[in-house]
Amino acid sequence: MRSPQQILADSAVIAVVGASRDPRKAAHSVPLQMQRYGWRIIPVNPTVDELFGERVYRSLADIPHPVDLVDVFRPAEDAVEVVREAVAIGVPAVWLQLGIVSPEARRVAEEAGVDYVEDRCLVVERAAAGLNRQPPR
């Protein structure tokens, strides 16, 4: 299994399940920050059409191109289903944001051979590792 920093370094396209249009929420600020540092963010939210200048998809299965990482901003009880959907589309890694922990989601990911991170923040890990996909704008 890759470390969180290695997963980020290897990923270019991140699908964010539960991305929010509310700028006060981490589900908005974290993906926006990752986008600023060069990752392509694909928002997944059934109630919004566009976020971060990108088309929003209703589900992971609706995304028409490969995704390197699925980032989850949903309650722990929803994480298992999100991980199953990520496995179904062949995503190599799943990341549950800070405060989200699910032993069952971990089991599903590990059984499928998918790298799994939980209870950690993409932005914190990106900064700690000094990772950039491009200079910040």
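**Entry 1: helix H5**

I began with helix H5, residues 122-129, in this predicted model. I looked up which residues of H5 are buried, and found Leu-122, Val-123, Glu-125 and Arg-126. I then looked down the axis of H5: the buried residues fall within an arc of 165°, so they line one face of the helix. As background I noted that an α-helix has 3.6 residues a turn, so residues three or four places apart point the same way.

Next I asked what the buried residues of H5 pack against. The list holds two helices, H1 (4-10) and H2 (26-36). It also holds the strands S1 (13-17), S5 (69-72) and S6 (93-96). After H5 comes Gly-130, and I wrote down its phi as positive, near 65°.

**Entry 2: strand S5**

I turned to S5, one of the strands that H5 packs against. Leu-69 and Asp-71 point one way from this strand, while Val-70 and Val-72 point the other way. I checked burial for these four residues, and all are buried. The general rule I had in mind is that side chains in a regular strand alternate between the two faces of the sheet.

Then I looked up the partners of S5. S1 pairs with S5 in the parallel sense, over 4 bridges. Within that pairing, I found Ile-14 matched with Leu-69 of S5 as its bridge partner. S6 also runs parallel to S5, and 3 bridges join the two. There I found Val-70 opposite Val-94 of S6. I also traced the path between S5 and S6: with helix H3 (residues 76-88), they make a right-handed β-α-β unit.

**Entry 3: Asp-71**

I went back to Asp-71 in S5. What charged partner does Asp-71 have? I found no salt bridge, although Asp-71 is buried. Arg-120 has the nearest side chain of opposite charge, and it is 11 Å away.

I listed the contacts of Asp-71, leaving aside neighbours within four places in sequence. They include Ile-14, Ala-15, Val-16 and Val-17, and S1 spans 13-17. Trp-95 and Gln-97 are also in contact with Asp-71. Leu-122 is another contact of Asp-71, and Leu-122 is one of the buried residues of H5.

**Entry 4: His-28**

Last I looked at His-28, which lies in helix H2. Is His-28 buried or exposed? Its relative accessible area is 13%, so I entered His-28 as buried. Not counting residues up to four places away in sequence, His-28 touches Ser-20, Arg-21, Asp-22 and Pro-23, and also Leu-51 and Phe-52.

Key:
Residues are numbered from 1 along each chain as its sequence is written. This is a predicted model: local features need pLDDT of at least 70, side-chain atom pairs count only at pLDDT 80 or more; totals for chains, interfaces and linings use all residues. Side-chain values use heavy atoms; hydrogens and water are left out. Buried means under 20% relative accessible area, exposed over 50%, partly exposed in between (1.4 Å probe, protein chains only). The arc is that of the directions from the helix axis to the C-beta atoms. Contact means heavy atoms within 4.5 Å. Two strands pair if DSSP finds at least two bridges between them. A crossover is right-handed if, with the strands pointing away from the viewer, the path from the first strand over the helix to the second runs clockwise. Lys and Arg count as positive and Asp and Glu as negative; His and the chain ends are not counted. A salt bridge is a side-chain nitrogen of Lys or Arg within 4 Å of a carboxyl oxygen of Asp or Glu.
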